[in-house]
Amino acid sequence: MTVTRFAPSPTGYLHIGGLRTALFSWLTARHNGGEFLLRIEDTDMARNSEDAKDAILKAFAWVGMSQDGEVVYQSKRFELYTKYINQLLDEGKAYKCYMSKDELTALREEQMANKERTRYDGRYRDFNGTPPEGIEPVIRIKAPQEGIITFDDGVKGEINIASSEVDDFVIARADGSPTYNFVVAIDDALMGLSDVIRGDDHLYNTPKQIVVYNTLGFKLPNFYHVAMINNENGKKLSKRDGATDVMDYKTMGYLPEALLNFLVRLGWSHGDVEIFSIDEMIELFDPKNINKSSSNYNIDKLLWLNAHYIKNSDDDKLVSMLLDFGVDLRENDKASEILNATKERGKTLVELAEQINLIINAPTSYDEKASKKAFKGEAKEILNTFADMLVLASPTTKEAFHSVMEKIVAEKEIGFGKIGMPLRVSLMGSMTGSGMDEIMSILGVSETIARIEKAIASIA
RNA sequence: GGCCCCAUCGUCUAGCGGUUAGGAUCCAUGGUUUUCAUCCAUGUUACCGGAGUUCGAGUCUCCGUGGGGUCACCA
């Protein structure tokens, strides 16, 4: 069975890049009818944070990526890790190293000065003597000293790393707590992972983890190392490049399906297809098609996708999402008309909310440039006449409002703009926006006239 | 610095030895729209460089160059 996982360390919010690898893992599991597991890597007690863990879970909930089974916390599995540490110690596959931190630093500095790779020199590997006083030992695993560690990466192809590059790394700290590469290998093996999909910043951890797999006799999963997402200049993505916290996208008015669609296309594609529903992603995704090269983050396409998903969202869904942006259309019997008039004008929910507010709230001021242009000449008189005509005709539909506009144009022998411009500014406060007839039919005759009168009053 | 990975329009990408190098986004122009947006149409723009293999190379090999990653008692 296909089993994948996402294994964040709770040291901060969920990063956009992390979400993408999680998405790839999730899609792989769902595509194969397998399981997607979530594991919190909280072995470093000093850096863990409960808030960070909650933030990550919250982000997952927002995008709708569901995990199978309980969330696994490594901090609750120390007994298990200790068991394996003792086992390796007993079997002579791991050993205590009494090197002090100062000695280690000195060794590193010397290697650095000689322009060598910095690595532990194995001085306690076969130590039988009396341990030095006052040093709490760390436990190191015996890594192979010669040969090549090789594995077939599902994204990058065959990777070969000389064993000499992998030293006897620490598997348990002086305080007895296990370290990352050790517990990851154990958990991935015990949790039955078939496919490990992660960022390629972990590529160099893989040979270390393979050492653990091999010494413990575990079966290797398939590895997929996904290249990073960089900023537009190809540099590491940082907060300066825009939002990196997944939840920021929620507050900026992005729909989760747009974000996911955007992310799935970063490093993966399926022919010329750009728009993927969640179901289509699940159906078509294959980690073997993940690109080798890193991709650059650029918000343009996300914006385009978001606009697309807003345009194609159900009204009910938009109404409920809009609540977070200060617009409550739940009791509005014109909700559907309002949404129809505005859907295509907002690339984000923030913009959509602005557009809607322009309709449901009377303008408190008039755009200076627009009013100067629109409220000149006989505008005042035309607006007055138009208001009178509205009272007489008392239109209710968009079409009826439109014919009143046509009527005034015909009777007064004026261009459409003569009524259109002042009317638009009267109703919306600016020169742009939805169709006039559409807006008036939403507002109704009395509100329309109220806004017109208010505008007339403002004309000197 | 050692080791590892990567390299097609500005950006996301298709390509898998023979294509006018395709699509999307962005940008520009035109059309639709009383306006804006949407939508439609058109256009500009790319194989990092150099050798080699081959009848033929974006595609294979090597060498450069550039970028990224990694070298913890962090994860």
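1. Start with K343 of chain A. Leaving aside residues up to four places away in sequence, K343 touches I310, K311, S313, D315, L318 and L352. K343 sits in the loop between α12 (335-342) and α13 (349-360). Is K343 buried or exposed? K343 counts as buried, because its relative accessibility is 12% and the cut-off for buried is under 20%. Keep in mind throughout that this is a predicted model.

2. Next, the overall form of chain A. The chain holds 18 helices and twelve strands. Its radius of gyration is 32 Å, whereas a compact globule of 460 residues would have one near 23 Å. The box filled by the C-alpha atoms, taken along the principal axes, is roughly 110 × 45 × 35 Å. One pair illustrates the span: the C-alpha atoms of D175 and N384 are separated by 84 Å. Along the chain, these two residues are 209 residues apart.

3. Burial and contacts come next. Of the 460 residues in chain A, 49% are buried. Take the contacts between residues at least 6 apart in sequence: 75% of them join residues at least 24 apart. The accessible surface of chain A is about 22400 Å². Carbon and sulfur atoms account for 47% of that surface.

4. Now the RNA. There are 61 residues around RNA strand B. Which of them come nearest? They are R173, Y204, G267, E344 and R345. By class, the surface near the strand has 27 charged, 20 polar and 14 nonpolar residues.

5. Which parts of RNA strand B lie within 4 Å of the protein? Of the strand's atoms within that distance, 70% belong to sugar or phosphate. The rest belong to bases.

6. Three side chains deserve a look here. An N or O atom in the side chain of R108 is 3.4 Å from a phosphate oxygen of RNA strand B. For N291, the distance from a side-chain N or O atom to a phosphate oxygen of the strand is 3.3 Å. K301 pairs with a base instead: an N or O atom in its side chain is 2.7 Å from a base nitrogen of RNA strand B.

7. Which elements build the surface near RNA strand B? Those supplying at least two residues each include the helices α4 (101-113), α5 (180-190), α10 (299-311) and α17 (416-428). Strands β5 (138-141), β7 (157-162) and β12 (295-296) also supply at least two each. The most comes from α10, with four residues.

8. D175 is worth checking too. This residue lies in the loop between β8 (170-172) and α5. D175 counts as exposed, because its relative accessibility is 61% and the cut-off for exposed is over 50%. Its side chain makes a polar contact of 2.7 Å with the side chain of S177.

9. Two backbone angles should be flagged. Most residues other than glycine have a negative phi. S394 has a positive phi, near 35°. S394 is in the loop between α15 (379-393) and α16 (398-412). With a relative accessibility of 46%, S394 counts as partly exposed.

10. The second flagged residue is E413. Its phi is also positive, near 55°. E413 is found in the loop between α16 and α17. Is E413 buried or exposed? E413 counts as exposed, at 72% relative accessibility.

Terms used
Residues numbered from 1 in each chain as written. Chains lettered and ligands numbered in written order. Predicted model: local features only at pLDDT ≥ 70, side-chain atom pairs only at ≥ 80, totals over all residues. Heavy atoms only, no water. Near = heavy atom within 4 Å. Polar contact = N/O pair within 3.5 Å; in protein donor to acceptor, adjacent residues only side chain to side chain. Nonpolar A, V, L, I, M, F, W, Y, C, P; charged D, E, K, R; others polar. Rg over C-alpha atoms; globule rule 2.2 N^0.38 Å. Buried < 20%, exposed > 50% of the residue type's maximum accessible area, 1.4 Å probe, protein only. Contact = heavy atoms within 4.5 Å. Areas by Shrake-Rupley, 256 points an atom, 1.4 Å probe, with all protein chains shown as cover.
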